[in-house]
Amino acid sequence: MFTITELSTERINRIVQEALAFAEGKTAKIEGEVFCSNLFFEDSTRTKTSFDIAERKLGLQVVPFDASNSSVNKGESLYDTVKTIESLGVNLVVIRDKKDRYFDELKNVKIPVINGGDGTGNHPSQCMLDLMTIYQEFGKFEGLKVGIVGDVKHSRVANSNAEALRRLGAKVYFSGPEQWFDEGALINGTYLSVDELIHEVDVLMLLRIQHERHDAKMSFSASEYHKKYGLTKERERAMKKEAIIMHPAPINRGVEIDTDLVECERSRVFRQMQNGVFARMAIIKEALEKEGYTFK
Amino acid sequence: MFTITELSTERINRIVQEALAFAEGKTAKIEGEVFCSNLFFEDSTRTKTSFDIAERKLGLQVVPFDASNSSVNKGESLYDTVKTIESLGVNLVVIRDKKDRYFDELKNVKIPVINGGDGTGNHPSQCMLDLMTIYQEFGKFEGLKVGIVGDVKHSRVANSNAEALRRLGAKVYFSGPEQWFDEGALINGTYLSVDELIHEVDVLMLLRIQHERHDAKMSFSASEYHKKYGLTKERERAMKKEAIIMHPAPINRGVEIDTDLVECERSRVFRQMQNGVFARMAIIKEALEKEGYTFK
Amino acid sequence: MFTITELSTERINRIVQEALAFAEGKTAKIEGEVFCSNLFFEDSTRTKTSFDIAERKLGLQVVPFDASNSSVNKGESLYDTVKTIESLGVNLVVIRDKKDRYFDELKNVKIPVINGGDGTGNHPSQCMLDLMTIYQEFGKFEGLKVGIVGDVKHSRVANSNAEALRRLGAKVYFSGPEQWFDEGALINGTYLSVDELIHEVDVLMLLRIQHERHDAKMSFSASEYHKKYGLTKERERAMKKEAIIMHPAPINRGVEIDTDLVECERSRVFRQMQNGVFARMAIIKEALEKEGYTFK
């Protein structure tokens, strides 16, 4: 699984339902000895660990791979590295790479490749866990209003989520510094000011300020961002009664969100992380079943 | 478990006895699927590997965590990192961090946290393995004379050990460069010159010269330290017949101890490492049993 | 197992046959709880992962060891590090180190040590997988002509392979830049020009240009090397009908070999990697059986 675009809404729904079943206690263990490996060429705590735990819960053997000590340091291409891992007998890989659509060069790889995030492009497993978290709360997507605040253009989370939510019948609003938005960023939704948006939405998705992705220096400080676009206590009070707060984390406390709100009643930030393991179990199980592996 | 201070002597004795039982062949395997992770934000071979093996021997699933590739590089706080690991379904963590009393900021973490060493403060699992090694030798603590030589003030090992030994009825002596000692360092024992101390003690604990912790340059060379305060062959010959040598390692050979003495008959250096696995098994088992987990 | 020199041809043949049996589906699981660890002090994807998977297939518990976060950074010697790992209860280690014959200082280590590569010296497990790949193809070694092209002097692969092949009855030819050859490099074979060699051999082993090992700057560019000594499409067409191509990888595509030939019909590059797991299973099984461990 590489992008949300390639998935039918039917398939998205099937994965979300399987993930919800895992969240409610369903278990699945693979039959036979099956190896997987997580090739993360970019820093990550939560995504890598989340996949790792999902794999172990499914009964897979997780073969460690340390990008910083690997032969990519000797100039080996991603293709040759993955082909090597495949030749060594690994049956499935999860890959995160800085390069947009790195997976385009992996056509000749025969084992399933799960996209753990590519450049500023896609992050389908994060999307699945977000969808699952919304469904868990509201039991539907149709008619929900979802606001996404932050650097939508550079966020692989925002892109995947906005597309999926629109296709599933939700209405998507965006907000954040206007200079971060252009036509491309607004394909799947409408721009509103933060203070307009906050009254409307059932789901408020805050994006991380991606310091490490901005080429030019930001034109405002962290505290200015918080005041202008962040979730302050005042804005939180203006939210609808049943509305929830989401954030893909890691959070910049006091920037995207007031630090006291991170664990407030309507925050689903840590719930999202819990759900991530279940969403990834569903994704991996689906990929392996397509290859003929069975689970008990 | 964070510090020795928080442990009653009864509890210390219970853990030491359990560790000794493991050393003599007792086994314990946890029931059900239980995940743990070792979050080491400071270099360590022996402590991290020792915990890892202890966890595997208890039947836990060890989820890898690589601090250098984690989101702490994106500025995430320790609290948010640990809360993340907890949310992902990890049931117990061991933490080592450069910061003294890092655990004070982890009050809202619900899973057990085992202290694998904090700053210059505490190292309770090392203390347990040292106590266990002494008990294994002498069958008691009461009345034993224990000498600790080195930079007591900056050693988390020395602090924990001296306090525990004093409370268990042993008499503690210190030695090393006088400028390293002040009132704080001498709470749990008495200062003697190395050559006085060497004749007295049943247990000689050498501390590692912590090059990496001294802010100011040391006022003497490695060979000067060896001559003035180290365990030379001459000093070893002056020890009591049954006395043993301990060192938490890694050893600076030829500094704290003559290289030929590292594996001499009265050295328990590698025995301490063996015991470390058993001590950590006892600590983790206790922590998990308190949470309601059972072992068979 | 440290070097090929120490192995009798009978023992080499026994290991190769065991590895071939694993390749054909034989399985072996160790009885009891046995721990191993891979201490790699040099970058490696394929060798480390290959050992890791071999160990897991044999039912061993693989204890992670991260050289870059280990106490060798505090100046600990290799001996003390390995002795530590042994004391912690690890039952077998695989070591790769930059230092030639690092194993000479490990005489007092009691657990089996498998050499995963030492400096420019030896790489016996790579040799075993290469031998196995040749045997799989031709069913014999006696009378085969094997050409090794590249920096034989600095290649631990070439040294081990040439010696083993000569002892097993094959005829070895070398080629590559003449300045890379001296008497020492030609002990086990004869120098030919690449274009002479290409017509003769049943097995063409290409070596990796070891940029990272050459002290002086290379006197030619990558594309010059390819033209003068590399496997171009023209040279490939001049090979014997049944001849195969081997390369220990990672490959410098377009240098040692034309990129289109990496996965051509006579290439065994990825087959070698597959075989690596089976060869390492055979090596580890032999080492543990010698210590009295049993497999089912």
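**Figure 1. Chains C and A of this predicted model meet through different surfaces.** Just 5% of the interface residues of chain C are also interface residues in chain A, so the copies do not use a shared patch but meet through different surfaces. Chain C brings 22 residues to the contact, and chain A brings 22 residues as well. About 2,100 Å² is buried between chain C and chain A, with carbon and sulfur atoms giving 51% of that area. If you would like some residues to look for on the chain C side, try C:Asp43, C:Thr45 and C:Arg56: they lose the most area to chain A, together 28% of what that side buries.

**Figure 2. A three-fold axis relates chain C to chain A.** A turn of 120 degrees, with a shift of 0.0 Å along the axis, lays chain C on chain A with an RMSD of 0.0 Å. That is the relation of a three-fold axis. To find the axis in your viewer, start from C:Pro64, whose C-alpha is the nearest to the axis in chain C, 4.9 Å from it.

**Figure 3. Salt bridges and polar contacts cross from chain C to chain A.** The rule finds 3 salt bridges across this interface. In one salt bridge between the two chains, the side chain of C:Arg46 meets that of A:Glu76, at 2.7 Å from N to O. Side chains of opposite charge can pair when their charged atoms come close. There are also 6 residue pairs in polar contact between chain C and chain A, both partners having pLDDT 80 or more. Which elements give two or more residues to the side of chain C that touches chain A? They are α2 (46-57) and α9 (269-290) of chain C. Helix α2(C) has the largest share of that side, with 7 residues. Sorted by class, the side of chain C that touches chain A holds 11 charged, 6 polar and 5 nonpolar residues.

**Figure 4. Chain A can be superposed on chain B by a rotation.** Two copies of a chain are related by a rotation about an axis and a shift along it. For chain A and chain B, the rotation is 120 degrees, the shift along the axis is 0.0 Å, and the RMSD is 0.0 Å. A:Pro64 is the residue of chain A that comes closest to the rotation axis, with its C-alpha at 4.9 Å. Here, too, the copies use different surfaces, as 5% of the contact residues of chain A recur in chain B.

**Figure 5. The contact between chain A and chain B, seen from its residues.** This contact takes 22 residues from chain A and 22 residues from chain B. The area buried between these two chains is about 2,100 Å², and carbon and sulfur atoms give 51% of it. On the chain A side, the residues that lose the most area to chain B are A:Asp43, A:Thr45 and A:Arg56, which together give 28% of what that side buries. How many salt bridges are counted between chain A and chain B? The count is 3. A:Lys29 and B:Glu33 form a salt bridge, and their closest N and O atoms are 2.6 Å apart. Polar contacts join 6 residue pairs between chain A and chain B, both at pLDDT 80 or more. Helices α2 (46-57) and α9 of chain A each supply at least two residues of the side that touches chain B, and α2(A) gives the largest share, 7 residues. That side of chain A divides into 11 charged, 6 polar and 5 nonpolar residues.

**Figure 6. A salt bridge links distant parts of chain A.** Over all chains, the rule counts 78 salt bridges. This view picks out a salt bridge within chain A, where A:Lys233 pairs with A:Asp260 and the closest N and O atoms are 2.8 Å apart. The two residues are 27 residues apart: A:Lys233 is in helix α8 (residues 233-237), while A:Asp260 is in the loop between β9 (244-246) and α9 (269-290) of chain A.

**Figure 7. An open sheet of 4 strands in chain A.** The strands of this sheet come in the order β2-β1-β3-β4, and their pairing is parallel. At the edges are β2 (61-62) and β4 (113-118), each of which pairs on one side only. Strand β3 (residues 92-97) runs parallel to β4(A), and 4 bridges join the two strands. Look for A:Asp97, which stands opposite A:Asp118 in β4(A).

Methods: Residues are numbered from 1 along each chain as its sequence is written. Chains are lettered from A and ligands numbered from 1 in the order in which they are written. This is a predicted model: local features need pLDDT of at least 70, side-chain atom pairs count only at pLDDT 80 or more; totals for chains, interfaces and linings use all residues. Side-chain values use heavy atoms; hydrogens and water are left out. Copies are superposed by least squares on the C-alpha atoms of residues with pLDDT of at least 70 in both. Contact means heavy atoms within 4.5 Å. Buried area is the accessible area (1.4 Å probe) that two parts lose on being put together, summed over both. A salt bridge is a side-chain nitrogen of Lys or Arg within 4 Å of a carboxyl oxygen of Asp or Glu. A polar contact is a pair of N or O atoms within 3.5 Å; within protein, one must be able to donate a hydrogen and the other to accept it, and residues adjacent in sequence count only if both atoms are side-chain atoms. Ala, Val, Leu, Ile, Met, Phe, Trp, Tyr, Cys and Pro count as nonpolar, Asp, Glu, Lys and Arg as charged, and the others, Gly among them, as polar. Two strands pair if DSSP finds at least two bridges between them.
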